[in-house]
Amino acid sequence: MAFMTSPFRRSGFMTGRTTRAIVALTAAVAIGWSGMLYAANQSVQGARKEEGGFDGDAPTAILMEANSGSVLFEKNADELRAPSSMMKLMTAEVVFNAVKEGTIKLNDEYRISENAWRRGGAPSGGSTMFAALNSKVSVSDLLHGAIIQSGNDACIALAEGMAGNEKIFAADYMTKRARELGLTKSTFANSNGLPDPGNKMTVRELAMLARHIILDFPEFYKIFGEKEFTWNKIRQQNRNPLLNAMEGADGLKTGFTKEGGYGMVGSAVQNGTRLIVVVNGLEDPEDRATEAKKMLEWGFRNFETRTLFAADQPIGYAKVFGGESRSVKLSSPVPVKVMVQKNGGDKLIARIVYSGPVRAPVEPGQKVGVVRVWRGPNIAMEAPVYAAEAVERGSTMRRAIDGASELVIGMFRAGAEKL
């Protein structure tokens, strides 16, 4: 069994206690899986096809299990590319969230401005819901037009109706909301993904966004599975090729620009398991559909869910500063699960990552960090961990000793970094 060293993220230093905690954590995972070997020299991406790896052609791709967030496959997943119309997922999420918070209503009506009509409507030659100039369209219908028909006019109308113009919507609504959701790399210049150097997303963040929409907005997610929508007496089919080509497929969005190539975000459910696939940068729309379908089928065929830690099971320990105890036990109130290959070929390692030491007092249920699971060099999944017990503030002497230790170790580390 191979153990990784120095796996805890701390505020500037590592300790022997930290190292012992990770060994205990990794051993617990290994025992739970009957002695499975763990190493960091192979990922699913790097595995040969005959060993159960995926053989894909998309320049950037990711396959994720929706419930746990487990990543089953990734290829250049953090490379920023033009997301094209897949970026409409961010516009849709902003609207979903605004409706949820009550700042807008589904029956609110927004006017189709000349800008929305010319740049995104019938005169534009692009994907449109064919909304009439100066007509008023409800938020609900604009969402259907944006999601099912990929209407650029619908997205512009939503942006102008909520923020006044697209520039403000992209900066103050889309970007702000993306950061709140943990999408740290995505940038937006408009509401619809029409070509602009400011529109950039990674397939990882598109998958994270899709997962959030699926889990947090199930009532709105149903729109993505609707196969057609009629507006202004023009009936259009949903552009998602998976809806008619794969069992359980019910979303999400395709995209194409010359800069970004052909891409799509798709999702399907089979036997109670939901997978999310994102591909981008392909040269042909048929390749896009084939690649996404092939990746989903590979995931359903080769993976299953395993429980790493049961609910409330001790997962590890975090060092405490100034407390009656020098450490606090960590656990999760829900089971920590991960998708693994059915053939047992996965090589995983789990680590607790936190900023510390944690200052006393510590309350039960206080979030401390995350347990992060690597599949080779790639992060397979992560889940929050919480204090499983209370740690009261220690004596004045205890706090003084801890403070002195922090100072000495901090000075040692600062000196080492200058070498």
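Start by selecting G255 and G263: G255 stands opposite G263, a residue of strand β8. You are looking at a predicted model, so treat each stop as a place in that model.

**The hairpin around your first stop**

Extend the selection to β7 and β8, which form a hairpin with three residues between them. The two strands run antiparallel and are joined by eight bridges. While β7 is highlighted, pick L252, which lies in this strand. Look at the link just before L252: the peptide bond from G251 to L252 is cis, and its omega is near 15°. Why stop for that? Most peptide bonds are trans.

**Along β8 to β9**

Now select β8 alone, residues 261–270. Is this strand enclosed or open to the outside? Nine of its ten residues are buried, so β8 is largely enclosed by the rest of the structure.

Add β9 (273–282) to the view. Eight bridges join β8 to β9, and the pair runs antiparallel. Two facing pairs are good to label here. Y262 stands opposite L282 of β9, and A268 has L275 of β9 as its bridge partner.

Next, click on N271, in the loop between β8 and β9. The hairpin made by these strands has two residues between them. N271 has a positive phi of about 55° although it is not a glycine. It is worth a label because most residues other than glycine have a negative phi. With a relative accessible area of 82%, N271 is exposed.

**The whole sheet**

Show the strands together: what order do they take in the open sheet of five? Reading across, you will find β2-β1-β9-β8-β7, with antiparallel pairing. Colour β2 (71–75) and β7 (249–257) to mark the edges. Each of these edge strands has a single partner, so one side of each is left without a neighbour in the sheet. Neighbouring strands of this sheet are turned against each other by 5° on average, direction ignored.

**Two helices that cross**

Hide the sheet and select helix α5 (residues 152–163) with helix α6 (residues 166–180). Their axes come within 8 Å and cross at roughly 75°. Angles of 65 to 115 degrees count as roughly perpendicular, and that makes α5 roughly perpendicular to α6.

Show side chains to see who makes the contact. From α5 come I156, A159, M162 and A163, and from α6 come E166, I168, F169 and Y173. The residues of this contact divide into seven nonpolar, no polar and one charged.

**A buried asparagine**

Keep the helices in view and add N192, in the loop between α6 and α7. Is N192 buried or exposed? Its relative accessible area is 0%, so N192 is buried. Setting aside residues up to four places away in sequence, N192 touches S84, S85, M87, K88, N152, C155, I156 and E166. Draw a distance between the C-alpha atoms of N192 and N152: they are separated by 5.6 Å, although the two residues are 40 apart along the chain.

**Into the nonpolar cores**

In soluble globular proteins, nonpolar side chains tend to be buried together. In this model, the largest nonpolar core has 60 residues, and those with the most contacts inside it are F96, L142 and V265. Among the elements that each supply at least two residues of this core are β1, α2, α4, α5, α6 and β9.

Centre on L142 for a closer look. Leaving aside neighbours within four places in sequence, L142 is in contact with Y110, I112, M129, V137, A154, A157 and L158.

Then move away to another core, which lies apart from the largest one. This other core has 26 residues, including V320, L330, V340 and V373.

**Two last loops**

Select P361, found in the loop between β15 (358–359) and β16 (367–375). The peptide bond from A360 to P361 is cis, with omega near 0°.

Finish at K233, in the loop between β5 (228–231) and β6 (234–237). K233 is not a glycine, yet its phi is positive, at about 65°. With 85% relative accessibility, K233 counts as exposed.

Methods
Residues are numbered from 1 along each chain as its sequence is written. This is a predicted model: local features need pLDDT of at least 70, side-chain atom pairs count only at pLDDT 80 or more; totals for chains, interfaces and linings use all residues. Side-chain values use heavy atoms; hydrogens and water are left out. Axes are lines fitted to C-alpha atoms, for helices over the stretch in contact, and angles run from 0 to 180 degrees between N-to-C directions. Helices (H or I, at least four residues) and strands (E, at least two) are DSSP runs, numbered from the N terminus. Angles under 35 degrees count as roughly parallel, over 145 as roughly antiparallel, 65 to 115 as roughly perpendicular and the rest as oblique. Contact means heavy atoms within 4.5 Å. Ala, Val, Leu, Ile, Met, Phe, Trp, Tyr, Cys and Pro count as nonpolar, Asp, Glu, Lys and Arg as charged, and the others, Gly among them, as polar. A nonpolar core is a set of buried Ala, Val, Leu, Ile, Met, Phe, Trp, Tyr and Cys residues joined through side-chain atoms within 4.5 Å. Buried means under 20% relative accessible area, exposed over 50%, partly exposed in between (1.4 Å probe, protein chains only). Two strands pair if DSSP finds at least two bridges between them.
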